[in-house]
Amino acid sequence: MNSLTWFYAAAVGWGLAAAVALLGGSAPGAARGTVKGALRAACVLSALGGAAAVAGGVSSLLWGNSRVVSLGGAVVVGTMQLQASSLAGVFTALLGLVAVALAAYAPRYHEAGAGSAVYLAVYNLTLVAALAVFTAANVVTFLVAWESVALLCYLLILRHPRRDTVASGAFWFLALSETGFVLIIAAFVILATQAHSMQLDVIAARAHLVPAGWRDAAYLLALTGFGFKAGLVPLHVWLPEAHPVAPADGSAFLSGLVVKLGAYGIALFAFRLLPIGAAWLGLLTLAAGAVTAAIGILYALNERDLKRFLAFSTIENTGIIVIAFGAAMVFGSYGRRDLWAFLLLAGLYHVANHGTYKSLLFLEAGVVEHAAGTRDMDRLGGLIHRLPRSAVITLVGTLGIAALPPLNGFVSEWLIFQGLFQGFRTGSHLIGILIVLAAATLGLTSGLAIYAFVRGYGIPFLGMPRTRQAAAASERGQPTAGPGLLAAACVALAVGAPLVLLALSRAVRTVTGVALRPLLLPGNLTVIPAHTDFSAFSPTYLAVFLIAVTVVPVLIYLAGRPRADSVTVPVWDGGMVAFRPRMQYSAMTFSAPTRVTFDALYRPSVSLRRASDDPAGRSGPVHYETEVTPVFLRYLYRPVIRAVEWLADTVRPIQSGDVNLYLLYVFVVILLAYLIGAL
Amino acid sequence: MPMWFARGLRRGIVTTRYPARPEPSAAGLPTPPAFDAQRIDAALADRLCELCPSRALRLVKGDGEAGGDVLVFDVGACTACGRCQEAAPGAVTASGEFELAATARGHLVKRIPLAEARP
Amino acid sequence: MSGNDMAASGGAGPATGPALGGRAGEAGQEQRVAAELRARVARQFGRSLHIRTLDTGSCAVCEQEIRLLAAPHYDLHRLGFFFTPAPRHADLLMVTGPMIRAFGVAARKTFDAMPGPKIVVATGACALGGVYPADAFTHGGVGEVLPVDVWIPGCPPSPLALLQGLLVAVDRLAEKVAGLTFIAGAQPGEVPE
């Protein structure tokens with residue numbers, strides 16, 4: 001079946017789901033049972049649509065670009081044209097997978113009611129709009145779909161508009177999304193006018209005729225515009241404000257997918273629309289990615305709120321994807337087409353992986369929030385005993401995102417590292433050094449990511465519960481099917497890496513024309529990344545080996561265990577007389593070493609107040625507060641906001657409300673129009 | 001730094017060969033006392049018991065085999081302070097024993113029968 | 001030695017003091033069991049022993065002597081002994097101090113956290129019950145709270161005495177003090193009338 005057909009099916013499924021949710025769920029006077037039934041039906045339809053999208057995505061990976069289909073449209077804006085492209089294959093497959101998981105998750109997470117019904121309807125429409133972005137074949141379709149996604153996501157974030165910080169988070173999202181949109185429009189307009197066509201295929205074919213200056217300008221505008229959506233530093237400030245305040249499945253969708261729209265846009269311009277350009281463009285992209293990755297994880301380490309922590313981790317992973325794309329561009333500029341294609345493949349692999357495990361983690365954050373009543377890590381603890389299934393699923397996601405073997409994060413990050421290590425093959429010493437610097441930054445990021453996720457998993461799940469709410473958490477009624485599906489996908493993406501690489505190398509061949517498969521997968525299960533004679537590894541064997549290494553000794557022990565009496569004694573707690581949960585590590589103390597090492601970035605402020613001057617603090621409480629300086633908000637955004645406000649204040653007198661003045665404006669404009677027309 | 005290296009080479013190995021060979025510096029260690037039973041009478045024994053700051057000495061009257069007194073000396077409690085030696089230099093001397101580890105507490109409680117009371 | 005079998009008896013080996021006449025048979029039986037245990041312990045710990053020190057309220061001079069063991073002059077590493085801070089990794093618990101009451105729970109927890117087989121060595125006059133009698137502040141000796149296997153007297157015991165005590169604990173040296181009389185002029189091993 002044609003990939004586009006699958007996508008039509010997906011769109012129909014989601015459209016129906018939206019209709020069912022809206023009509024059945026929010027009809028006035030509907031009984032509770034019908035509302036619940038309608039929502040479940042909507043979720044089933046959504047899941048079916050998701051499955052269709054996965055099928056379409058995979059088939060577009062394997063079977064190349066489909067033909068362009070025109071679907072009517074108005075004369076003014078041109079026809080709507082769709083095409084299932086290979087480059088978008090990963091993104092659409094991810095969209096489908098996330099849709100299925102969220103559909104399984106929604107019934108148990110949302111309370112059945114009119115609010116949830118409207119929310120689910122809007123969400124399904126967002127799915128359709130996102131699909132349209134990925135399958136857009138001309139500029140107008142892309143822009144209309146893009147803006148639709150932005151507006152619909154704004155509504156998704158505003159699910160609970162009266163709660164604290166929700167409104168401001170949604171506003172940040174919309175404001176910066178629109179700013180990026182302006183730049184994206186500019187980038188597309190430049191290319192479309194220079195290539196005299198609105199169709200992406202035609203633009204791609206004629207792009208080498210466009211003067212280099214225009215091409216570079218278009219790319220820079222695209223990088224910045226899509227960078228707003230993807231979360232590149234310093235364009236990222238909306239992400240930690242907006243993603244935590246949406247409902248859990250909304251956050252999962254935003255972080256898992258909507259951020260990937262930005263990555264798709266960058267890949268579209270860098271690999272499909274524009275030919276290989278000058279090296280400095282690639283280096284700029286590489287630098288942006290590296291800075292984003294490092295800063296993202298450094299700020300993540302200072303968050304107590306689970307969802308803000310995950311939002312910053314999303315920024316870090318966007319950085320990693322952009323590092324891959326940037327390095328690919330640099331290699332391309334130096335004539336190494338094999339590495340150019342290889343790093344594109346590695347970047348796409350990381351897109352798929354990150355979408356999977358980040359969605360999983362956000363869904364589980366929602367489960368934790370509903371079970372324990374709080375998202376604050378310092379109020380959780382010991383959840384591994386109270387939410388056993390969720391704990392296991394979250395562990396799979398954590399191992400994935402921390403890039404630990406044998407899971408999928410490790411495979412894609414390892415591929416990116418292997419690509420970066422080939423920096424010496426460009427022939428230029430300076431470039432080699434810069435690429436090595438990027439690899440070092442990626443290494444720092446990976447190390448900090450492990451640190452951050454040991455904290456992100458250990459503090460809430462392990463140890464003893466720090467509050468009574470956490471101790472009373474229960475798994476009853478919490479959704480596990482959706483996150484479980486994503487966990488299975490994480491394992492499948494790792495163990496089945498050869499299959500994934502097969503599909504991705506076909507897609508990359510369609511996009512770049514470089515056939516990677518014989519280099520990459522000479523055998524059936526071993527991966528030779530980047531270059532022969534450099535390294536080799538088999539994710540499948542590794543997964544099997546690691547499982548065997550843990551399981552086999554356990555079996556041997558159980559079978560031939562000696563008859564020694566074992567004694568059960570309490571955990572060694574240093575001999576404390578009464579160990580209280582408050583004596584455990586807190587999230588902030590666990591990450592305190594980073595605040596010391598990176599204090600130039602954080603500039604932490606410390607305030608210490610004592611009730612009395614007694615140095616031992618005997619007569620009263622001591623108040624200690626430390627805060628990380630929001631560097632970007634204070635030094636970049638506040639001045640811009642103040643400038644805009646100043647400008648608005650200056651211009652305001654025009655709108656004085658005086659009718660006579662307005663009549664004067666009309667008169668002046670008509671006069672000017674006659675004068676211009678006469679000339 | 002280099003001077004330290006040279007000094008080390010000159011001095012050679014300073015590690016003790018104990019327990020394979022006896023350690024010569026052990027001769028200067030403070031050790032628990034040894035008692036000459038013939039020279040200790042009841043009065044001296046009483047004074048020694050009072051003097052001992054860690055309650056290592058105890059006089060048990062009439063506990064000996066021939067009805068004599070027994071000075072019970074708890075080696076475990078002895079701090080080798082030397083006060084009993086100072087008080088009765090002829091009767092109490094340093095034993096020179098420092099290898100005193102015991103596998104039972106009782107092995108450290110020594111009975112020293114004093115001379116029979118003269119009728 | 002403090003294996004699970006001997007936990008109840010407080011870890012003491014054969015009957016106290018030199019063999020007493022009438023109970024020779026029973027003492028012989030106990031001695032055989034103890035000897036087997038010692039042999040087993042010597043096999044297990046003879047080449048490598050991890051020591052955890054525990055200060056239950058001492059004046060810290062015993063600790064200074066213990067710390068000297070790692071210095072080049074005495075060098076306990078050449079004998080296969082190592083210090084470890086984690087009771088979970090320790091084979092031998094070296095206890096100093098008179099076991100003040102405030103420390104009882106912690107001492108018991110440390111001992112329980114050690115996996116068997118384990119050895120407890122009481123070090124110094126305070127730990128052996130001298131110097132401080134039992135009162136409101138102290139138990140007066142480690143043996144009141146923990147089952148002790150080897151007692152090392154001294155105030156403080158010199159590093160050589162400590163080495164000898166550790167080697168006795170792992171059965172690499174024979175105990176010497178049982179045969180001493182501390183009677184001036186007497187032959188060693190000669191039992192007084």
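**Helices of chain A and the sheet of chain C**

Helix 2 of chain A, residues 32-63, is a good place to begin: its 32 residues reach 46 Å from the first C-alpha to the last, close to the 46 Å expected at 1.5 Å a residue. The model described here is predicted. Just after helix 2 of chain A comes Gly64(A), which takes a positive phi of about 75°.

Further along chain A, two more helices form a pair. Helix 5 (residues 139-157) and helix 6 (residues 166-195) of chain A pack with their axes 10 Å apart, at an angle of about 175°. Because angles over 145 degrees count as roughly antiparallel, helix 5 of chain A is described as roughly antiparallel to helix 6 of chain A. On the helix 5 side, the residues that meet helix 6 of chain A include Val139(A), Leu143(A), Trp146(A), Ala150(A) and Ile157(A). On the facing side, helix 6 of chain A contributes, among them, Gly169(A), Phe173(A), Ser177(A), Phe181(A), Ile184(A) and Phe188(A). The residues of this contact divide into 15 nonpolar, two polar and one charged. In general, an α-helix has 3.6 residues a turn, so residues three or four places apart point the same way.

Chain C offers a different kind of element to explore. Here five strands form an open sheet with parallel pairing, in the order 2-1-3-4-5. Its edge strands are strand 2 (81-83) and strand 5 of chain C, each of which pairs on one side only. From one strand to the next, the twist averages 25°. Within the sheet, strand 3 (residues 92-96) and strand 4 (residues 119-123) of chain C pair in the parallel sense over four bridges. One of the partnerships links Leu92(C) to Ile119(C), its bridge partner in strand 4 of chain C. Strands of a sheet pair, in general, through backbone hydrogen bonds.

Helix 4 of chain C lies across strand 2, strand 3, strand 4 and strand 5 of chain C, and runs at about 170° to strand 5 of chain C. This helix also appears where two chains meet. In that interface, 43 residues of chain C are in contact with 42 residues of chain B. Two elements of chain C give two or more residues to the side that touches chain B, namely strand 5 (150-152) and helix 4 (159-169). Helix 4 of chain C provides the largest share of that side, seven residues. By residue type, the side of chain C that touches chain B divides into 24 nonpolar, 13 polar and six charged residues.

Definitions and conventions. Residues numbered from 1 in each chain as written. Chains lettered and ligands numbered in written order. Predicted model: local features only at pLDDT ≥ 70, side-chain atom pairs only at ≥ 80, totals over all residues. Contact = placed C-beta atoms within 7 Å. Nonpolar A, V, L, I, M, F, W, Y, C, P; charged D, E, K, R; others polar. Pairing = 2+ DSSP bridges. Axes fitted to C-alpha atoms, helices over the stretch in contact; angles between N-to-C directions. Parallel < 35°, antiparallel > 145°, perpendicular 65-115°, else oblique. Expected span 1.5 Å × (residues − 1).
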